[in-house]
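This report goes through side-chain contacts and surface features in turn. Keep the sequence and the coordinates open while reading.

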Amino acid sequence: LNVTEEKFVLDTLAGCTEYKSMLDVVVNAFYVQDGRYCPISERNLYLVICYLATFQLEDIGLQHFSRIVNSLDTAKMQKFLRFFFNDLYLNTWIKDEWSHFYDSVYVKENWIDPLLRWQPKVQQLIEKLTDKLSNHTTTVRTSRVTQPKEFNLTVPKPRAIPLPPPAPLPVLPKRQPVPPSIYKPPKERKQLEEIKTKNIQKAKVSIWSLICVCKGGPFFLNNLPVQGTILTGRETDPFLLQYLAVVWESALTQYFKELTKQPQDLIDNIPIKLNTAAILREGALYQRKLEEELKRIENLQQGAGDPSEFLEWQKQMRGKDLEEQLAEIECRRLQGKLSHEEAVLARQNVIQENKKKADLLREEKAELMHLYAEKRLQEQKEMKELVEQVTEGHKNVKQVKAKIQEYKQQIVQQVCEESEELLRQALEEEEEKNRKRYELIQQIRAIESLPSIKHKFVDLTETGGHGLFGEMSVVELRERLALLKEAQQAAEEEKRDQIIHEKQAKEQLLLDKLDQISQFRAELGRAAALKQEEKKKSQSGERLMKDERILNLQKKIVEKTMERKKQEELL
């Protein structure tokens, strides 16, 4: 193909792909009504003809379109064009279906109205195709004559064009391997485990040695304090021996506990380096606590009451609230589980209902298919009758066609004369535009050919003369920048000295805060030890009772689970 034909073919292919949904509407309807006996393999042919008639008829013209149609099968083109250029179809269902894809006003102005304007001329083409079909004479078959055929020689295969070597693949930089320390536990944990193991071993050895000495030694139960007295020899009182054994066992147990607690104590006593923010934050905390304690003591001196009873009551109420919240959370969890069981039951019921609906739909579909088959048979009978009526009407139309042909020829002659006049005017306007453009180009070239001054002497002591406020020369600007730089350096020196003084004051403040924090920590450690001893003496466990709502929900969940399992067995 040459360049023009190739462009036409590519544009047609792109248009058929872009407007495929619109073209499918027309071609599908043609296969349902007039093209029932047309092969489906010719579908793309009808798509191309429909695209050319709708979108390209204005560009290629009727003459080119007629040549394309005449080069194809006459009967198929006559049938398709008569169906597509029907006034009733264009104004009704074709317009409505295309309006589903594009705006209805746009469809009417750009596609439906041009097709209706071209409809009389296309109707002439359809009549020519009809006459060609009616005047078609069958050729008499003659005897076949032997025709020589060329030898079926092997065609050499074309040589393959050598391809350039493939570009080398880019080599990715070698990644660093994962360090093995990631997969190893930290050393501190291993050290703590070793210390703990050593203490346990030491405690076991000490206990066994003490037990052996106590059981087998000659000085068993000597020098132990009993109610302010000291035993100086062996005693034979059984009650006293039993009491001393209990005391000895409790002492050994306490010693073993102290040994096993040593790693944790070592961990707690590890010094931690504090930064500036931590020191200030902890100092502010201790200062605030000191102020609160002083204020509380001052209020007590003035006769205020001790809030310890209120705090104890508040702690009890918070404990009750916490128990109620836990019970409420448990109730919500059980309610969620109950709703899940109910949802499973509801889903099983829905599945059964859907099965029943599906059976009803199958029965209705069978009835509708039977009615549709009867309707199709009735439509085929009506179409056969309509074809017979149309065939009888075509016999008396030849005279009317001759008159219409003469009238159309007159119209074509008038249109040709008008088009020639319009073409002549367009040529004159184009020549006038080209002449003005040529004159403008000559003027631009004359201006460009004039010589221009390329060098310009600059005096740095003069101003630009632009009439702006604060305008100055380059020399003055440099002097002002030098003065500004000196002032900036002086300001930086002053600020540096100020920062050094502030840093020294801050370091002194941090040292004071550290002294204060160490004192507070010592006091708080002693207070925590006393509080821990009191807590060990007064600690007692409490059992939480289950709420009745929780028990009821658990019973309901068990019932729903049993019901769901029965439903699954039935299904």
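F310 sits in helix α11, which spans residues 308-394. The model is a predicted one. F310 counts as partly exposed, because its relative accessible area is 46% and the partly exposed class lies between 20% and 50%. F310 also belongs to a nonpolar surface patch, together with L311, W313 and M317. The four residues have about 410 Å² of accessible area together.

**Salt bridges**

The whole count is 18 salt bridges. The table gives three of them.

| Pair | Closest N to O distance | Helix |
|---|---|---|
| R117 and E58 | 4.0 Å | R117 in α6, E58 in α3 |
| E330 and R333 | 2.6 Å | both in α11 |
| R435 and E432 | 2.2 Å | both in α12 (residues 398-448) |

R117 and E58 lie in separate helices, α6 and α3, so their salt bridge ties together parts that are 59 residues apart in sequence. R117 is exposed, because its relative accessible area of 55% is over the 50% limit.

E330 and R333 are three residues apart in helix α11, about one turn of the helix. Both ends of this bridge are partly exposed: E330 has a relative accessible area of 23%, and R333 has 48%.

R435 and E432 repeat that spacing in helix α12: three residues, about one turn of the helix. R435 is partly exposed at 40% relative accessible area. E432 is partly exposed too, at 33%. Elsewhere, salt bridges with shared partners link K20, D24 and R43 into one network.

**Aromatic pairs**

How many aromatic pairs does a search of the whole structure find? The search gives 21. One of them is F80 with F84, a stacked pair with 6.2 Å from centre to centre and 10° between the planes. The pair counts as stacked because the planes are under 30 degrees apart. Both rings belong to helix α4 (residues 74-84). F80 and F84 are four residues apart there, about one turn of the helix.

Are F80 and F84 buried or exposed? F80 is buried, because its relative accessibility is 0%. F84 is buried as well, again at 0%. The cut-off for buried is under 20%.

F80 and F84 are also part of one aromatic cluster. Its other members are F30, Y31, Y46, F83, F85, Y89 and W93.

**Nonpolar core**

The largest nonpolar core has 44 residues. Those with the most contacts inside this core are Y46, F65, L81, F84 and W98. The elements that give two or more residues to the core are α2 (20-32), α3 (43-70), α4, α5 (87-98) and α6 (104-134). Which of these elements gives the most to the core? Helix α3 does, with 14 residues.

Two of these residues link the topics. Y46 and F84 are in the aromatic cluster, and both are among the core residues with the most contacts. Helices α3 and α6 each give two or more residues to the core, and the E58 and R117 salt bridge also connects these two helices.

**Annotated region**

In an unreviewed entry, UniProt lists residues 351-436 and 474-504 as "coiled-coil region". Over residues 474-504 the model is 100% helix and 0% strand. The end C-alpha atoms of that stretch are 45 Å apart. The other listed range, 351-436, takes in both E432 and R435 by number.

Methods. Residues numbered from 1 in each chain as written. Predicted model: local features only at pLDDT ≥ 70, side-chain atom pairs only at ≥ 80, totals over all residues. Heavy atoms only, no water. Phe/Tyr/Trp six-rings, centres within 6.5 Å; stacked < 30°, edge-to-face > 60°. Buried < 20%, exposed > 50% of the residue type's maximum accessible area, 1.4 Å probe, protein only. UniProt positions renumbered as here; feature names shortened; annotations may be inferred. Patch = residues over 30% accessible without salt bridge, like charges linked within 9 Å, V, L, I, M, F, W, Y side chains within 5 Å. Areas by Shrake-Rupley, 256 points an atom, 1.4 Å probe, with all protein chains shown as cover. Salt bridge = Lys/Arg side-chain N within 4 Å of Asp/Glu carboxyl O. Core = buried A, V, L, I, M, F, W, Y, C linked by side-chain atoms within 4.5 Å.
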